[in-house]
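Subject: Structure handover

Hello,

Here is the structure for your files. Please look through it before reading the notes underneath.

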Amino acid sequence: EKSFERKLAELKKQKEQGVLQAEQYAKLRKEATEELKRTSKLIDAYAPMLAAINSDYLQPIERQAQALAEQGKVDEAVRLYEDLKLQDKFHRDLDMKKQWDDDIEALIPSLERFSQTLVLQGGAENFQRAGAILKDIADSNPKHALRNAEYAEFAYLQGKSTEAEVYYNRALSQSDIDRFKRVEWKLKIADIYHERGDLSKSADVYEYTIKLIQDLPSDYLATSQLLIMTDINFSTVLLEMANLFEADGQAKDTKEMYKNACFFLEQAKDLLEVLKNDLLDYNQIYITCCTNLLIVYRHLGYTKQERQIMQVLDGLKESVNEGKSQSLIAVSKAESAFMKGDVDEAVRQARFSYEQLEPLFRSNPERYRRDMLRTLALLGACLNKAGQYAEAIPFFEKAEKIYKTDKTEDNQTRDADVLDNVYQNYFNALCQQKRYDEVCAKFEDYVSLV
């Protein structure tokens with residue numbers, strides 16, 4: 001974090017001195033933020049492993065390195081590990097593998113601890129070194145499921161989803177895997193497909209994983225937690241698929257998707273209510289579940305259930321303070337009011353959602369990007385419906401700017417449905433304002449993006 005703060009201070013100084021243009025500053029600031037996010041994820045994942053090491057069984061130099069790491073002297077700990085030349089020994093032993101299997105196995109725990117210490121030191125170069133070590137370990141024995149999954153997780157946290165998929169599949173190809181691990185790794189692959197925008201593949205894997213979970217011991221808390229998250233994530237994918245079908249004029253094919261989503265969400269909601277006191281993130285998970293249920297009930301025409309879930313969300317609104325939670329609830333209410341023709345209420349709730357989300361988006365654009373796009377599209381559509389076209393246009397412009405700024409192919413694929421919605425309403429607002437030349441220009445922008 002200190003390194004991040006120093007970097008931001010340096011960028012700000014360069015901007016003030018005129019060394020950096022506003023666009024360059026924004027780009028470099030975004031890159032620094034992404035680096036901090038990756039660092040935080042990796043440290044959160046690896047710090048507990050180092051804390052759990054029993055140093056009584058370590059070689060004297062490694063014991064000293066671990067003691068330095070615990071004291072926060074990570075740079076010194078890394079230097080001691082480098083003095084051990086573990087990677088050189090490992091590669092030499094790999095070249096003579098038939099004679100030196102025992103030596104390789106003896107080196108691997110020390111190499112894993114070295115990679116964990118490199119992560120704590122931070123920085124892109126150290127992450128690459130740590131990843132290279134874990135990849136070497138995984139490649140040294142393709143049949144060792146846990147080591148391949150460990151590298152897959154590291155690659156996933158670094159944003160290398162394609163590589164993560166390869167190593168998770170390699171781990172899953174082994175027959176003697178713990179059943180909980182098999183489910184956990186399958187869910188990771190489903191998440192990768194979802195993030196990539198391959199909704200059909202993601203849905204297939206989630207559906208298969210639910211069957212695996214049903215074979216696990218039913219009285220385990222871990223089983224219930226896995227089922228809750230799988231149900232919710234699967235329903236989210238189904239809803240996104242339904243949105244794409246509707247945008248493509250195939251609304252009649254979506255009813256079964258909504259019914260399936262309804263079944264899994266109600267199952268998750270029932271489990272959540274039983275485990276209310278056992279889950280750390282209960283409020284956030286429950287809000288997500290209820291928000292998705294509200295959408296499903298509305299599309300299926302289940303008016304009684306929709307009223308009941310609205311009452312639940314009203315109750316939750318009083319108990320949560322986080323901006324995103326408030327925003328999610330408001331978006332659901334705005335969509336519901338919009339469908340019922342209550343335009344004033346739809347505008348009010350959509351505005352409230354935007355106001356809650358806007359400061360969060362400013363502080364972390366990547367994390368809240370999709371939420372902000374959805375909210376801007378909804379608020380613009382509500383203002384259009386209310387005849388407030390001039391006021392709607394700036395929100396469409398904001399959505400367009402966000403979409404154009406992020407060139408990530410996975411994000412653009414996932415947000416294609418939102419983009420269509422934004423531009424259709426954008427064209428309408430410009431036409432109503434008789435700004436026809438701008439409509440032609442924006443249509444060209446739209447064609448270039450899709």
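The notes below go from the whole chain to its cores, then to single helices and residues.

Overall

Please keep in mind that this is a predicted model. The chain has 450 residues, and 45% of them count as buried. Its secondary structure consists of 22 helices and zero strands. Among contacts with a separation of 6 or more, 61% are between residues 24 or more positions apart. About 23,700 Å² of the chain is exposed, with carbon and sulfur atoms supplying 48% of that area.

Nonpolar cores

The largest nonpolar core holds 75 residues, and the members that touch the most others are Tyr168, Trp185, Ile232, Leu272 and Val296. Helix 14 gives this core its largest share, 12 residues. Apart from this core lies another one, of 38 residues, which includes Val347, Leu357, Leu379 and Phe396.

Leucine 272 is worth a look in the viewer. Not counting residues up to four places away in sequence, leucine 272 touches Ile228, Ile232, Leu279, Tyr282, Ile285, Tyr286 and Cys289. Two of those partners, Tyr282 and Tyr286, come up again in the next section.

Aromatic pairs

There are 10 aromatic pairs in the structure. In one of them, the ring centres of tyrosine 282 and tyrosine 286 are 5.2 Å apart and the planes meet at 15°, so this pair is stacked. The cut-off behind that label is that planes under 30 degrees apart count as stacked. Both tyrosines, 282 and 286, lie in helix 14 (residues 282–300), and because they are four residues apart, about one helical turn separates them. An α-helix has 3.6 residues a turn, so residues three or four places apart point the same way. Tyrosine 282 and tyrosine 286 are both buried.

Elsewhere, ring pairs join Tyr206, Phe234, Phe263 and Phe264 into a cluster.

Helices 7 and 8

Aspartate 139 belongs to helix 7 (residues 124–140). Its relative accessible area is 30%, so aspartate 139 is partly exposed. Outside its neighbours up to four places away in sequence, aspartate 139 touches Tyr167 and Arg170. With tyrosine 167 there is a side-chain to side-chain polar contact of 2.7 Å. Aspartate 139 and tyrosine 151 are 12 residues apart along the chain, and their C-alpha atoms are separated by 9.7 Å.

Tyrosine 151 is one of the buried residues of helix 8, as are Arg147, Asn148 and Glu150. In helix 8, 11 of the 13 residues are buried, so the helix is largely enclosed by the rest of the structure. Helix 8 (residues 145–157) should span 18 Å at 1.5 Å a residue, and its end C-alpha atoms are 18 Å apart, so the two values agree. After helix 8 comes glycine 159, with a positive phi near 85°.

Helices 10 and 11

Helix 10 (residues 179–196) has 18 residues, which at 1.5 Å a residue should span 26 Å; the end C-alpha atoms are 26 Å apart, so this helix also agrees with its expected span. At the N-terminal end, aspartate 178 acts as a cap, with a side-chain oxygen 2.9 Å from the backbone nitrogen of phenylalanine 180. Just after helix 10, glycine 197 has a positive phi of about 90°. The buried residues of helix 10 include Val183, Trp185, Leu187, Ala190, Tyr193 and His194.

Several of these residues meet helix 11 through two polar residues there. Serine 202 is placed in helix 11 and is buried at 0% relative accessibility. Leaving aside neighbours within four places in sequence, serine 202 is in contact with Ala190, Tyr193, His194 and Val237.

Threonine 209 is also in helix 11 (residues 199–214). Its relative accessible area is 0%, so threonine 209 counts as buried. The side chain of threonine 209 comes to 2.6 Å from the backbone oxygen of valine 205. With neighbours within four places in sequence left aside, threonine 209 is in contact with Val183, Lys186 and Leu187.

Regards

Methods
Residues are numbered from 1 along each chain as its sequence is written. This is a predicted model: local features need pLDDT of at least 70, side-chain atom pairs count only at pLDDT 80 or more; totals for chains, interfaces and linings use all residues. Side-chain values use heavy atoms; hydrogens and water are left out. Helices (H or I, at least four residues) and strands (E, at least two) are DSSP runs, numbered from the N terminus. Buried means under 20% relative accessible area, exposed over 50%, partly exposed in between (1.4 Å probe, protein chains only). Contact means heavy atoms within 4.5 Å. Accessible areas come from the Shrake-Rupley method with a 1.4 Å probe; for residues, only the protein chains shown count as cover. Rings of Phe, Tyr and Trp (its six-membered ring) pair if their centres lie within 6.5 Å; planes under 30 degrees apart count as stacked, over 60 as edge-to-face and the rest as tilted. A polar contact is a pair of N or O atoms within 3.5 Å; within protein, one must be able to donate a hydrogen and the other to accept it, and residues adjacent in sequence count only if both atoms are side-chain atoms. A nonpolar core is a set of buried Ala, Val, Leu, Ile, Met, Phe, Trp, Tyr and Cys residues joined through side-chain atoms within 4.5 Å. The expected span of a helix is 1.5 Å times one less than its number of residues.
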